[in-house]
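Reader: Hi! Could you walk me through the charged pairs in this protein?
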Amino acid sequence: MKNMIRDIVIVQHPVSVYVPLNYKVTLSVRAEGTGILNYQWFKSSKEEVFGGTRADLIVTAQRSQSYICRVNDQFCNCVFSEWVTVKVLDIAKPGLPVAWRGEPHITVQPAPQTVRQGERLTLSCTAFGIPTPHYQWYRNGHPLLGKTTDTLQIENAGTDHRGTYLCYVSNVQEERWTEAADVEIVPSNQLTATDKVALLIGNLNYSHHPDLMAPTMDVQELANLLQQLGFRVVSLLDLTREEMLAAIDKFLLLLDRGVYDLGRDPFVTGKQAVEIRHTLKEPRSLTDPIRTTSHTGELHLRDACWRQANELPHQKLLIFPCGVEVEVSFSALFSNVMVAFGRVITTGPRAQDCTITLRSTPAMEDVFSSPGRSGEMDSLLLNNLVAENPDCSLRLCGLQKLQGSLVIKVDLHYTHMDRKLWLQESKQLDIGKPLVASCDLHRGQQAMVAQR
């Protein structure tokens, strides 16, 4: 009887899609095996999808989310499908045809532009599709090597970048071309900055005020926008007053002649201004390019200071005595919020049913643990995944409070195939002081307390 049992084989995997808000999507998996096959769908957080026990899963797209399906039989065999993403765009008028079958439908066309020489050129194209469409940008009828995402960016645009741009959008259903966008490059008479730096602080939790929901996404989106403009960004969540003052003192080390900030403006120092104020007598702009000549020493010093607050631990591979190999990787959501990911790479000759958990010493407070915050955290994690299909993750918040090394403990649970025992092995990983923890803001905080 044993020889007649076939391995489960997935013959059709689900596909990623890009759809408008509230669109109903069907994710499908097809498998072959012995006897009756059972199905269970999971979300990106490894949470079971309620009612997702069939080969077809109908999803009403509310926000971007990843899914995977487990297929098992009555003989304790199981396999997983490929991960897929349902990407959602909230747009006022998606304009989908009534009988839309999933062919690429372009909702955002690239716009004609006039760009000054030396500035960044950005063209965007957005298309719904089932499966998610592929992109290829063209200039003057020729494909651009490596330009295969929905956004085309060219740093330091020059005269050779002028021309007519189009994007070719396709999936297995059909292919489409965007409208043509003419780009003109004009001489630059713009002023330059010696550097551009930004300190962003968002506080979620208050002792005598209801918790806020917006700061997390506000800081994240503003940081992304400023980074696109060439800013070095330090982004921090949930600081005390003393920690904020210490962070500002550290941030001032990034400032020098020709650097944009308002921290040293005597008109606004120590006050919260509701409008942007400055004493500049020249038409400066956030989009001004950075000049890197004639001040390389100062630039290198500021670069080292900035990197200190944004340095992540390197990816590590842990080999357990049983032969199981586990990869631990890291991603920064903010300069004081990091996520550790764990993934089983190899199960070894005698281990099966492997699961892993991560914990830290010291234990770090999770500012996203309050009710109602899981959704925004899932969205941030989806956009910051560095590990493919991680088996577990650990949020590490409040890194500015860290006074010593941070140790990640990896617990491995598995079934020994020969002994039929459920066993545990553990390994520790010392990752030092990651991100803003290396700046020792707590020392500045202690000094302030001592002066009082």
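Author: Happy to; we can talk about salt bridges and then a surface patch.
This is a predicted model, where local features need pLDDT of at least 70, side-chain atom pairs count only at pLDDT 80 or more, and totals for chains, interfaces and linings use all residues. Residues are numbered from 1 along each chain as its sequence is written, and side-chain values use heavy atoms, with hydrogens and water left out.
Reader: Great, how many salt bridges are there in the whole structure?
Author: The search finds 10, a salt bridge being a side-chain nitrogen of Lys or Arg within 4 Å of a carboxyl oxygen of Asp or Glu.
Reader: Nice. What does Glu-243 pair with?
Author: Its partner is Lys-401, with the closest N and O atoms 2.8 Å apart. Glu-243 sits in helix H2 and Lys-401 in the loop between strands E27 and E28, so the pair ties together parts 158 residues apart in sequence. Helices (H or I, at least four residues) and strands (E, at least two) are DSSP runs, numbered from the N terminus.
Reader: Is Glu-243 buried or exposed?
Author: Buried, at 3% relative accessibility; the cut-offs are under 20% for buried, over 50% for exposed and partly exposed in between (1.4 Å probe, protein chains only). Lys-401 is partly exposed at 41%.
Reader: Which residues share partners in a network?
Author: Arg-101, Glu-174 and Arg-176 are joined into one. Glu-174 is 3.3 Å from Arg-101 and 2.4 Å from Arg-176, counting closest N and O atoms.
Reader: Switching topic, where is Ile-319?
Author: Ile-319 is in strand E23, residues 316-319, and is partly exposed at 49%.
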